[in-house]
Every structure is written in C-alpha cells, then in structure tokens.
Amino acid sequence: MYAELHCLSSFSFLRGASMPQELVERAAALGYAALALTDECSMAGVVRAHGEAKRRGLKFIVGSEFALADGMRLVVLAANRNGYGRLCRLITRGRRAAKKGAYLLGQDNFSQGIDDCLVLLLPPAGVAAAQVRWFADRFPGRAWLAVQLLRAGDDGAVLARLTALGAELGLPLLAAGGVHMHVRERRVLHDVMTAIRLNRPVAEAGHALQPNGERHLRPLSVLQRLYPRALLDETLRVAGLCAFSLDELRYEYPDELVPSGHTACSWLQQLTEEGARRRWPDAVPARIRAQIEHELQLIRELHYEAYFLTVQELVAFARERGILCQGRGSAANSVVCYCLGITSVDPAAQSLLFERFISRERNEPPDIDVDFEHERREEVIQHLYAKYGRHRAALAATVITYRHRSAWRDVGMALGSPDHPLSSRLVEELNGFPRHLSQHVGGFVISRGPLEELVPIENAGMADRTVIQWDKDDLESLGLLKVDVLALGMLTALKRAFDFHHAWSGERLTLASIPREDPQVYGMIQKADTIGVFQIESRAQMSMLPRLKPRNYYDLVIQIAIVRPGPIQGDMVHPYLRRRNGEEPEDYPDEAVRAVLARTLGVPIFQEQVMQLAMVAAGFTAGEADELRRSMAAWQRCGSLERFRVPLLEGMRARGHDRAFAERVYKQIQGFGEYGFPESHSASFALLAYASAWFKCHHPAIFTAALLNSQPMGFYRPSQLIQDARRHQVQVRPADVLQSDRDCTLEGTKGDAPALRLGLRLVRGLSRAGVDRLVAARNQCSFDSVHDLAARSRLDRRDLQALAAGGALAVLTGNRRYAAWEIAGIEKPLPLLDRPPAPEGLPLLRPPTEGQNVRMDYGSLGFTLGRHPLAFLRRRLRDLHIASAAEVHAASNGKRVRAAGLVIGRQRPATASGVTFVTLEDETGHLNLIVRPAVAEANPRVFMQSQLLEVQGRVQRAGQVLHILAQRLVDHSQWLGPLSVHSRDFH
C-alpha cells in the first residue's frame, strides 16, 4: 500500500496537468491508501478533490507546496483542524506579501508557527547538510525528507544521497511522486502548459520540460520495484498522522450585530416585526403573519439568524447613505426579507415557497444576492472591509478557465502553429482547465474569527480588494455562506428617477410603493414599447412581448425567464405560447406534476421547476435534485449532466410515466444547460422591469434623464434613448453652457410635463473637472462671453473646443463657427496681468448648413436633435425604391422589400445557430433583420463594418412582430460622407 503525499493539480496554474477530481479518481482506482493535494501555495483545488474523495471512499489529505526565497522547496500537510488553520494563514502571508498571482515566503515565515502540520523537504541536488539543518531543528518529530525517484537515470544516486543526508540530520525518509498528472498520457499537455507558463514555444523550453512522463500516479507494482519497502510504509504512517477533513470546517457568523439585551433570535424577531408594521401599517394579513412565524421558526432551527442580520445591516447602511438596493434570487421567496427591507418583492403578489430558499431537508445555506447602484457599490464594499476588517471579510474567487478560443491561442503559441497535428487534441484537453483566479463579481465571505484560518486570502488585481481562494461552488459544497454584493445599472437609473420624481412632484416613491398592476403600463409593454426598460428591452424580448402579452406581474416574471437559451433550447417557448393562447391543452401525467407545473401551464420554465420535477416525477431526493441543479450549470463544460440520464428515465418509468414523457423531461433539462433561469431571480427582476416601465409610461422625460445620467448601461446608446423620448413627446433641449449641468436635468414647460435639458456629460472630450469648474463659476454669476467663461472656469483649449464642437457655446456665439473663432483668440493669461481682450470686429463667417450641423452633432455627441441623417438621403433612397421603416412595417407577410438604415446594433444569441439580429434605424423608426450565416459570410466586411446598410429580403410577420429575413446586404456608408455612426455590437 502507498499514500501519495506530494501531488499538484491544475490549480497549480500551468504546472499541474490534471484536474483534482481526475487525480482522486485515478488514485482510488490504483488502490492508494490516501492522496494529498499539495498545490503550490494554494488551497484552490482542495474542495473539488475532497468531494470526489468522499464519493470514492479515498482518504484525502490537505497540504500545499512552497518554494522559499532561498531556493528550498517544502510540502506542508495539515494534521488536524488547528494545523489546517495555520497552513491557511501561512499561504495568506505569502500571497499578501506579493502581487496578484505570486507569493513570497522565507525561512522566517516557517519559524512563526505552523504547529500541528507535518513538513516534507524536497532538497535540491547538491544541497549541504548545513543548509537544511534549520529544517530538522525547526520541526523535530514532524519532518521528513521526500525521496522522488523519477527514472531520470540517477535514482540510485538520489536515494544514496538522501539516505546519507537523513542519517546526518536525524530525518526519516519517505517516498513521494512529485505528481503533476494523473496518467502518463498527459505528458504532452504538461509540456505545452509549461511552455505557456514560460511564454515561449515548446521547442525553446529546454530543460524546463520534464525529462520523461514519470510525474504521474504510478501503479503500486511500479512503486514497489522503485522504492525500498520502508519508504513506502512511511507514507502510510504519515497519512495516518493526518486526521483533518474539510468536513470539520464550521462557519461562524459575525456576532457584533446583536445589541446588548438581545440574542440573535430575539433581535431578528424584533426587526422583522418592525418591518412588518411598516409594510402593512393597517394590519398584517393573517396569511402573511402565519408565513412570518413559519420562516422565523425555520431560521431558528437552522441557526441562520446572524446571516439575515448581516444582510440586513448591509442594506440598512445603503439606505442610510441613500443607495438604492434590491435583494434578488432566493431572497424574493422570503417574507422576512421583505420585512427587513432586503427585497421589495411583495410576497402577496406571488406564490413562491420559502422552502425553495431555505429547506430543512436540503440543509443548504441561504443565498441572498443584493444589487446596489452600480456607481456606488464600492461604498458598500469598503463599508464591509471597514466594519469587519480585512482579516474577516474578503471576496470569493472566480476560477477563470480555458475556453476553445483561448486554448487555441495558447496551444498555437506553444506549438509554433495552430495547424500542428496535435493542436486539436491538446485544445480539447486544455478546454475547461483553470487559467487563474479572479475575483467574484461581488460574493463576500464574512466570518466571526480570522477568515484566513478558514481559507487562504490573497490580493486581487484591483486595488483595495482581497479574495479567498475558493469560488462560489466550493463555498456551497462546504456549506459556507456568502453575501453577494452586486452592481446593477438599472438601480442607479431608478434611484435618479425617484429623485427626479420627488423634486418635480413632491411625491416620494420607492420600489415598494410604485402603483402596482397599472393597465396602461402593461398596454405599453404589450406593444413592445420598451426601449430602455430593464430586462425586456432586447430585440428578442421585444419580439416576444406582443406574443406573450404580459397582463400582470407574474406574466412579467415568465416573460423575463422565457426569453433565455434554456427554455428556447429545451423547446419550451412555443408550447407555452400555444397553451396561453388556448391553441393547445395543458397536459399533466399526474397531480404531483400538476402541482409543479400548473403556474406555467404545464411547461417547465424555471430552474426550480426542473428540480421539483426530478423529485416528484423521478423520485430524486432533495440532495440529488440539488446535485442535478449544479450539473445543469456545468454540463456543457464537463458533461456531468449525462450521469443523471439513466436515474431520471428509470425513476420516471418506475412511477408510471411513459417513455415519451421521460425523454421530453430529460431533453428539457438538457436545454437548460448553464442558462436555466431561477424563478426567484426572475421575480426580483420583474419588479425592476415594472418600475422602469412605469416611469417610461407616465414620466418619459424623467425616465430618459435618469438613463442618460447612468450611462453606460443597457442595450441602447444615448442617441436611441433621446430619439425614443422625442417619439414620446418629450421636449429635448440641447446642451448649453448657460443652462446645462453636468447631468441631464428637467426644465419647466408651458404644459404639465417637464422638458429634458441635456447635460454637458454628453459632450465628448469635455473633462469632468472642467465641467465642475464651469458650473461652479456660472452659479456665482452667469457668463456674458466665451472669454468670460474661459477665464472664470479656467478651461483649457481642449475643453473649450469640445464645448464648441458640441454646440454648447451657441447661446454665446450664435453658431459653431463663431465659437471656434472666439476660442482661437483666447490666450493663456499672463502670470502678473490678465487684461481683457482688445475689442475686434466679427468676421463674416457663413453659418454651418443643416447637414454640417448634423455631422458635427454626431462627431461630438453621437446623436443630433436635428433631422435624422436618413432624412437628408430619403429622396435618393426613394429613387432606388428603398422603403422607409414605417413603410416596411405596413407591408404584408412574405412581401419582398428593400430598406436601409443606420446600423445601431448587432446581436448573436448563443442559441441562434450563428444567426445575427441586426437593428437598423431611420427617421421613421427601427427595422429588425435576421441575418443567417450564409448571408453574413457572403460579404463579411459589409456585414460587420457597414454604418449605413441596405437590406434586401422578405418580411416575416407574426402578429405585431416584424422582421426582415435578409437575403442580400449592401453597404452605402459612403453616402454618409464624413459622418461617423457607431453601433453597439454583440452587447
């Protein structure tokens, strides 16, 4: 028997050529007694190895390898829980002392306490006993010399040298493989990864490559021939001394959130009761009261009070700072979260069960995602660091993995050419391998004690950020909790909309108090008048809206989730629409399935429904259903979903379901792939979609101003947002140095609705500092000339030229040309005397033509408040029988048309088999094109680079939804002359 105590996985980035799970599976198959994963200064792969080892019944040992600053190399193994904490702390010290991706440790670090750890020394060739005596002295009774016999031609000499060294220092010897791969066949991949790490071709890597393929998990029979029996037996003795398991880790919540005189339980109860009285000031409905008691009881049983209090404190901080936030995901299932202000999704407006959030049977930790305004999230992040300290709070990691494109690039570099005969095989092997650790978008882990004793912490690429070495799946596997602190642009826009509305009307609205279920809002949504509306503004969503016709909040929940690759690939969209329209009956094989699918007319649309189906139709346990959910998220990466096929099909047939039903359900599960959308997320998003639609419907000027002030975000550029506002009768006024602030503002009109004044932020090339100085100077006294503005605002020539090009100086000069003339005469003031300019006559400059102004608008602003560029070309287009967007929208289904417009967007959904959706714009509206691969590939330059594009094709009409199926594309960009228009492509 043998225990491998030195093994690197793919999480020793570009050193190990096998995944942790592969190494464990292979070690178990070979009959090893134990396996230690010892990635270099890292714990990033241990959770995956631990999970696989539990499934295989193999003893798993946690350790790490370290290269010291003096060239020595050690392997440290955790003997118990305390040793594991010390090891994690050592890794943290090394990682925090260096930039991201590196570490720095010396002998002193190992003299400062790694008690309860066992240490293996990997002495380099030629090392003298005096050089390693510190090692023997520092770790008496728990130090070994690791003997690695790798058939390099000097095994006998290596064994003799280390035997003598061990005798001199009083150190025992043990066998070690220095494993970098689970099977010898990964040798070629290992060479390629080495070349990638060194950033040189394999042919130039020389001695950096391993001399042979012996660094794999070797059969016991081979090891017995290579090593003396005593060295093999010593590995078993050391493995026996290592009693730590990751199952021992226990997460402890912060406890400082509970005021004196309260327990976590009583404080959560009090906060919930206070919130309930705010939400239902008259009286809490009996159904809601019962649900509150039910949720609090379950939270008490599972000891999650402190988690809810942690999230509540975070939301309360944001509220005090005026930062809009909204809990989503599973939080939308909870009345307690609604009472605590974590979410504004009214539980009375839906029928989601709390057990999908926290389950006694699944024993899963809760998971609350909170979105914050994207421009102010950093305030929340730094609050977390300040409140809990960097020793107790850090972001979760995200494992960046190879995909085909990056694998082809790196393999091609390593082999000298992407056309090498081995390229295809190596790309497939490398695909899905970890490349490096990055930071999660916002998943925070907060602990009661030092976090570094639970998991190592390292520096992130961003300043003032630290990350742990585990990703969200690792945390979930171990039952450790995180709080997702996420950024959402629409919350920034909605916060500004609320502020505008309060300033204009005096009424203070919130997400929870916006008038609900407004028929006028749903009427607008049904017509796909949703440019700028959260989640339902894409062309795919706009195409679905007139077909699904949302009439209430839950319809919006379905609308948001159904236009996703999962439901589309699983063939769920058309059956749902047919049933909704009464064209097809609902079909349930039994009442249990009906209970799961009735709210979506018998069609599984949400991720939760797939899990429930597995339980009620195939007899899966809650734990097996959760494994299925995780596999749905990863099946396209590693094919792990396939192992559920037989249990699902057999389970359904055993419960009386016919094969056709079973196969259909499995196909639908496959369709979800990594795109299955949770109902709880969609419920939260639907609230924001409705809120943004309400503003667009009733206050379009406020809505547009808020969106413009929150750019960049969404599918549309300011040009499309402004044109859409004007189509909704919003009076849009130009950027003006005497009226505009940095942001867009509202101004009074003769009517009830405000006008929209464009802000100076929209002027390209204008500095933020220059705008701030301009507004401050104008607030003291208005400007009477360009010279006065330049002097008092201290604007440099670049800022002045930007203002002139954007037309913002026209109020002082009359037009852009006079503005440019006056700027040319402004000189930098002298240090001792700043004299006003000598009076001079104005030159006779011809004002710009309308077309020139439009061109300059687009150059400086990206849009125009004048006529659309296509309006100037309409006569030429009519001569060529090219129709306008309005004329095409009046055409019948199947009619052949020619149309043209500015390209404002190209989208290629993952499910569209290479089809690209292109949006054109002219002075009368928009046209949506379906461009199949053959049409795009016929002239890729025209397809990808045209600014003014003509399409020839046939109208496809389904009710109010219209597309042109493109048959030919023609580039007319030359007609625009110097006008430059930018599209938002593949966004």
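A residue is called buried here when its relative accessible area is under 20%. By that criterion, helix α5 (residues 129–138) of this predicted model has Ala129, Val132, Trp134, Phe135 and Ala136 as buried residues. An α-helix has 3.6 residues a turn, so residues three or four places apart point the same way. The surroundings of α5 include both strands and helices: its buried residues pack against β4 (73–78), β5 (117–121) and β6 (143–147), and against α4 (107–110) and α6 (155–169).

From this helix the view may be widened to the whole protein chain. Its secondary structure amounts to 41 helices and 23 strands. The C-alpha atoms, taken along the principal axes, fill a box of roughly 100 × 80 × 70 Å. For 987 residues, a compact globule would be expected to have a radius of gyration near 30 Å, and the 33 Å of the protein chain agrees with this. Of the 987 residues, 57% count as buried. The contacts also reach far along the sequence: among those between residues at least 6 apart, 72% join residues at least 24 apart.

The interior can next be described through its nonpolar cores. In soluble globular proteins, nonpolar side chains tend to be buried together. In this model the largest nonpolar core has 128 residues, and Phe66, Tyr84, Phe110, Phe308 and Trp470 have the most contacts inside it. Helix α12 (residues 305–320) supplies the largest share of this core, with nine residues. Another core lies apart from it and holds 101 residues, including Ile514, Ile722, Val730 and Val732.

A pair of helices provides a further example of packing. The axes of helix α30 (residues 700–708) and helix α31 (residues 718–727) come within 10 Å and cross at roughly 170 degrees. Because angles over 145 degrees count as roughly antiparallel, α30 is roughly antiparallel to α31. On the α30 side the contact is made by Thr704, Leu707 and Leu708, and on the α31 side by Pro718, Leu721, Ile722 and Ala725. By class, this contact has six nonpolar residues, one polar residue and no charged residues. Ile722 thus appears both in this contact and in the core of 101 residues.

A final stop is Arg594, which lies in helix α24 (residues 591–597). Its relative accessibility is 36%, so Arg594 counts as partly exposed. Arg594 and Leu613 are separated by 19 residues in sequence, and their C-alpha atoms are 9.9 Å apart in space.

How values were computed: Residues are numbered from 1 along each chain as its sequence is written. Side-chain values use heavy atoms; hydrogens and water are left out. Axes are lines fitted to C-alpha atoms, for helices over the stretch in contact, and angles run from 0 to 180 degrees between N-to-C directions. Helices (H or I, at least four residues) and strands (E, at least two) are DSSP runs, numbered from the N terminus. Angles under 35 degrees count as roughly parallel, over 145 as roughly antiparallel, 65 to 115 as roughly perpendicular and the rest as oblique. Contact means heavy atoms within 4.5 Å. Ala, Val, Leu, Ile, Met, Phe, Trp, Tyr, Cys and Pro count as nonpolar, Asp, Glu, Lys and Arg as charged, and the others, Gly among them, as polar. Buried means under 20% relative accessible area, exposed over 50%, partly exposed in between (1.4 Å probe, protein chains only). A nonpolar core is a set of buried Ala, Val, Leu, Ile, Met, Phe, Trp, Tyr and Cys residues joined through side-chain atoms within 4.5 Å. The radius of gyration is taken over C-alpha atoms; the globule rule is 2.2 Å times the number of residues to the power 0.38.
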